[in-house]
Each structure stands twice: as C-alpha cells, then as structure tokens.
Amino acid sequence: MAHTQGARQAELPEDWETLLDVEKGARKPFVVLMMASLEPRKRHLQLLEQLPPLIAAYPETRIVFAGEGRLRDEIRAKADVLGIGPSVKLAGYRRDPERLIALSDISILSSGQEGLPRCILQSIVGGRPTVAFDLPGLEAVISTGDNGLIVPMDDWIAFGRALMQLAGDADLRVSMAAAAKASDLSNWDWRRMGPRTDAFYEQILSARGSRTRAIA
C-alpha cells in the first residue's frame, strides 16, 4: 500500500447490475458499501436500524454488505422486517474488493472494536470517503470532513446523519473522494510495516530481558 495519488481507478464488477438488482443499461444507483464479516462484532444489525430514513429519502440507494458469516440469515430477515429488504444486498465473499469499492459511492464500517481496519485503507486507496465510528488510531488515516467522517463511538444517530449528509451532497462526496485519492498511506505499506513490527517486538523482548536480569 503506497501513496495513492494518480492510482488507476478499478473497473466495476462485471456482475454489478445483477448484484444491485437493476436493469441492464440502467444508471448506477447510490451505493453504500460495507466490507466486513457478517459477525456480531461488526454490528450489521444495529446499523440496519439506522437505514430506513436514508432509503426513504433516497429510494434508489443500495446497501451492499460484502462478506460471509453466521448472521447472514438474521441480517436478511431484519432488513425485511424494517421494510428495506430490496435495498440491502448481501454480496457474500468476493475476490474483487477493489471493484466493489469502485462501484460504491461511500464506504462504511460500524464496528465498535477494531485494529486499524484494512477495509478502510482499501477504500481510501480506492478514492472513497468513509464513515466510521471513532476507532483507536483511525484519525491517522481519516481526517474527518476531508476524506471521510468519523463519528463518536456508539452514537448511532450521528452515524445515520453522516450517511444522510454524504447521500445528499454530491459535491461533498466528490471533494472527499479527491482527498481520499490523495491520502498518503505509505506508512501502512507492508514493506515498511514488517520491519517496524519486527523492531517493536525486538524492543519489547529486549526490555523484558533487561528486567529479568535486573531481578536475578
């Protein structure tokens, strides 16, 4: 992962019309993408409760959940109960995340606990603004109001408002997409992170060894 300025835009998935359930040749609708395993810790079910106002305001919206997990049937059932079933698309496991990102207009993550999520880094590289809760370290890659929106942890009302804000402001999405493409993620390049991680562990082990010798 490197500096993204000038990165080539990925093509749309070949099956995007089928995935979004739109007619061949139709205009692409507004797409919100979440790439995460369908597990409780990702909080898809809580997220679904925030979506009816968005879909009521923008009926063509598609919410794409990419990933597999044990909550698949429960997510589908809850979307139907909330009356948003046709707008929620379960894409399953995909080998083309870069194409899903190209298909999306914004990327989201509703987890309450994470390390630095790879899906967010992928979305920024793909030039998509991201909405997420205030996860530790996220401010290192998202400058809220610039290339995405970070909302206070567990403030679902603020999360829903952030979605509405981006859905209703195409100019804001364009400016955030440009900022995302220009984001410098070189510090998270695997060629840098590997040696830095090794050095960190060596430092910890060295410090632990020093304490052990001091006690002895």
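Of the 216 residues in the protein chain, 46% are buried, and this figure, like every other one given here, comes from a predicted model. The accessible surface of the chain comes to about 11500 Å², and 52% of that surface belongs to carbon and sulfur atoms. The chain contains 9 helices and 6 strands. Among contacts between residues at least 6 apart in sequence, 68% join residues that are at least 24 apart.

A good place to begin looking is the sheet. Its 6 strands form an open sheet with parallel pairing, and reading across it gives the order β3-β2-β1-β4-β5-β6. Strands β3 (88-92) and β6 (148-151) stand at the edges, where each has a single partner strand, so one side of each is left without a neighbour in the sheet. Neighbouring strands are turned against each other by 20° on average, when direction is ignored.

The edge strand β6 can be followed to its partner, β5, which covers residues 130-133 and is joined to β6 by 4 bridges, the two strands running parallel. Within this pair, Ala132 stands opposite Ile150 in β6. Helix α7, made of residues 156-167, packs on the sheet and touches β4 (106-109), β5 and β6, while its direction makes about 175° with that of β5.

From α7 the eye can move on to the helix α8, residues 170-181. Two packed helices are described by the angle between their axes and the distance between the axes. For α7 and α8 the angle is about 100° and the axes lie 6 Å apart. Angles of 65 to 115 degrees count as roughly perpendicular, and α7 and α8 are therefore roughly perpendicular to each other. Where they meet, Gln165, Leu166 and Ala167 in α7 face Leu172, Arg173 and Met176 in α8 as contact partners. Sorted by class, this contact has 4 nonpolar, 1 polar and 1 charged residues.

Which residues of helix α6 (residues 118-125) are buried? They are Cys119, Ile120, Leu121, Ser123 and Ile124. An α-helix has 3.6 residues a turn, so residues three or four places apart point the same way. The cover over the buried residues of α6 includes the strands β1 (31-35), β4 and β5, together with the helices α5 (97-103) and α8. After α6 comes Gly127, whose phi is positive, near 75°. Helix α8 thus appears twice in this account, once packed with α7 and once among the elements that cover α6.

Notes:
Residues numbered from 1 in each chain as written. Predicted model: local features only at pLDDT ≥ 70, side-chain atom pairs only at ≥ 80, totals over all residues. Heavy atoms only, no water. Pairing = 2+ DSSP bridges. Axes fitted to C-alpha atoms, helices over the stretch in contact; angles between N-to-C directions. Contact = heavy atoms within 4.5 Å. Parallel < 35°, antiparallel > 145°, perpendicular 65-115°, else oblique. Nonpolar A, V, L, I, M, F, W, Y, C, P; charged D, E, K, R; others polar. Buried < 20%, exposed > 50% of the residue type's maximum accessible area, 1.4 Å probe, protein only. Areas by Shrake-Rupley, 256 points an atom, 1.4 Å probe, with all protein chains shown as cover.
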